[in-house]
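Visitor: Hi, I'm new to this one. Can you walk me through it?
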Amino acid sequence: MTAGDAGLPSSPDSEAIRSLSGAPGTVVWHRADLRIADNPAVAAAADEADRILPLFVFDPGFHDERGAACDARIEFLHDCLRDLDRQYRDVDGAGLTYAHGDPIDVLGRFVDAGWDVVASASPTGRYGRRRDERARERLGVRFVAGDGLVRDADRPREGWSDHVESWLAADPFDWDPRSVAVDGVETGIDPEAVADAYDVKSTKTRVPTGGREAGRERLRAFTERIAEYPGSISSPVDARDGTSGLSPYLRFGCLSVREVHRHVDEKVPDGRGKSMFVSRLYWNRHYTQKLLDWPGWLDRAVNPVYEGFNHDRHDPDLVAAWKRGETGFPMVDASMRCLRETGWLNFRMRALCASVYFHILQQPWKIGADHFYEHLIDDDAAINYTQWQSQCGLVGRPGLRLYDPRKQVRDQDPDGEFVTRWVPELDPLPAAHLDAPEKAPLAVQREVGVRVGEEYPYPVVDYEAARSEFRERYGAVHGAAAARLGEEETARRASLSGGIEAARSIAAERGEPGRADATDAGGTSQTGLDDFG
Ligand SMILES: Cc1cc2nc3c(=O)[nH]c(=O)nc-3n(C[C@H](O)[C@H](O)[C@H](O)COP(=O)(O)OP(=O)(O)OC[C@H]3O[C@@H](n4cnc5c(N)ncnc54)[C@H](O)[C@@H]3O)c2cc1C
């Protein structure tokens, strides 16, 4: 579909822009920073101009069939935009101007009419990177940094934690709405028109309402129950209401990481819940720094030795079974169905599904990561793809994150609440058999009317055999992969928290052909606060 096919023109046109009265000022081009508080671009524009014009451009590349987001994520974005419009109106200005078309064309018309353009700098995927480069080169758009990441440094990871810590402690970006006029141009475009034109209709359920107001409410509610956070993280049943649920609000910039940190720091006494939550805000910055350091995370194995790993085994039927939640591993199936229907999963279940996909089904990692990208409401290219590569073991660090899906049922869902909610055909089976229904005695299967192979599939692969085979294959090249971490370029790409030195020390210790050091990740969970790599 093109802009024309969707029935929406590229708007506003030059005439509408020229007809704005008064001298041109500065356009604030909003993208993934849908707030007016603690926003470096808004603050910079208000500081330099007497007049600002906040703009969001609906890009057909995001909304038509080329866009990878599900309709629920687009609806969440639309909520965020309506809320941003309200934020501007609340400070007595015109609201947000909605545009439609190729952002470079739209912004070019403003530049031709004498406007400057500023935007917040943020690492993006390939498409966004190209768009931003064109905007900078052709139109002189200024990208203002202020997200706590290290830019333009030869070794971004040197002193990185200190840098993030002082950014978190610094005052938020501020501006005085009384010192600047907030202008707008009538375009006839708004989220409703876009939803109609592109037929945006979500079929997902339990999707939260987008926008700053809803995000702030969630933050307030979460801080009241933060003491229960550590005990709620791992189980998919408890996590749904037990973790903050802030990820989509951070993803679309309704709230800044810094203001979330400040709120928790000021309102919550020190304790385990607070420190675990704060460490996750660091992880958010850590994984985002990775994408800034190397954009290839989105489509190439970070360690060249693993490029193409599993490609020779690509089996579309296995991939389809994983996507549909029909692998015969109940915890994976419940998680994959829950992802498709609600657009959210807790960390452990995301890691489990990625691990089973790559280590057990032995399928190419990017197809799996793209599927997550399509369905997650919080999908953040920076976190999703870097997490996928880390979970799959494509960095070349020692230690595989292998999750056993049967153990996860026993540990995280012993009563079968999550499994039977999402895989209702297993509901009649006693909970004791939900970790491995294929092992339930035939008499039990007959009695409750759940016959494995009919109502529910046998495991699509033999878990133990597949795990041994994967360890064998992965281990055969792991020494070579570790050795590559000793090379400057691969070390830079990996962007480990310990910097290039950490990568070199892995190369020195493990950099020779040998077997992978595989452990069951079921008990170990994930990277610690002091170990961002
Ligand atoms: C394969 C895989 C893909 C993932 N994809 C995404 C993604 O696209 N977007 C995303 O925001 N998170 C992603 N995560 C990280 C994590 O699962 C989610 O941030 C978390 O589940 C969101 O729920 P919450 O906001 O309630 O988390 P909370 O536990 O309340 O954490 C608060 C915030 O900290 C950050 N955070 C928490 N855990 C992590 C982590 N492990 N890595 C980086 N940041 C973290 C997020 O911004 C989150 O909103 C992924 C994890 C895996 C294993």
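Guide: Sure. This is a predicted model, and in it 17 residues of domain 2 are in contact with 21 residues of domain 3.

Visitor: Which elements of domain 2 give two or more residues to the side that touches domain 3?
Guide: Those are α11, α12 and α14. The largest share comes from α14, with seven residues.

Visitor: And how do the residues on that side divide into nonpolar, polar and charged?
Guide: On the side of domain 2 that touches domain 3, there are seven nonpolar, eight polar and two charged residues.

Visitor: Where do the domains run?
Guide: The domain assignment gives domain 1 as 14-197, domain 2 as 212-292 and domain 3 as 298-520. The C-alpha centres of domain 2 and domain 3 are 25 Å apart.

Visitor: OK, on to the ligand. Where does it lie?
Guide: Domain 2 and domain 3 both give residues to the shell around the ligand, so it lies between them.

Visitor: Which residues come nearest?
Guide: Of the 27 residues around the ligand, the nearest are Thr243, Ser244, Ser247, Arg280 and Asn384.

Visitor: Which helices supply at least two residues of that shell?
Guide: α12 (247-251), α14 (272-293), α17 and α19 (381-392) each do. By class, the shell has 12 nonpolar, nine polar and six charged residues.

Visitor: New topic: α20. Which of its residues are buried?
Guide: In α20, which covers residues 405-412, Pro405, Gln408, Val409 and Gln412 are buried. Looking down the axis of α20, you'd see these buried residues fall within an arc of 105 degrees, so they line one face of the helix.

Visitor: What do they pack against?
Guide: The buried residues of α20 pack against α11 (236-242), α16 (330-342), α17 (347-360) and α21 (417-422).

Visitor: What about the backbone, any oddities there?
Guide: A few. Most residues other than glycine have a negative phi, and most peptide bonds are trans. Serine 11 and proline 12, though, are joined by a cis peptide bond, with omega about 5 degrees. Proline 12 sits in the segment before α1 (14-18).

Visitor: Which residue has a phi near 75 degrees?
Guide: That's aspartate 92, a positive value in a residue other than glycine. Aspartate 92 is in the loop between α4 (71-90) and β3 (97-100).

Visitor: Is aspartate 92 buried or exposed?
Guide: Aspartate 92 counts as exposed, because it has 10 C-beta neighbours inside 10 Å.

Visitor: And where is aspartate 199?
Guide: Aspartate 199 is in the loop between α8 (191-197) and α9 (212-224). Its phi is positive too, near 55 degrees, and with 10 C-beta neighbours inside 10 Å, aspartate 199 counts as exposed.

Methods. Residues numbered from 1 in each chain as written. Predicted model: local features only at pLDDT ≥ 70, side-chain atom pairs only at ≥ 80, totals over all residues. Buried ≥ 20, exposed ≤ 12 C-beta atoms within 10 Å, placed from the backbone. Helix = DSSP H or I, 4+ residues; strand = E, 2+ residues; numbered from the N terminus. Arc of directions from axis to C-beta. Contact = placed C-beta atoms within 7 Å. Near = placed C-beta within 6 Å. Nonpolar A, V, L, I, M, F, W, Y, C, P; charged D, E, K, R; others polar. Domains from an automatic or database assignment.
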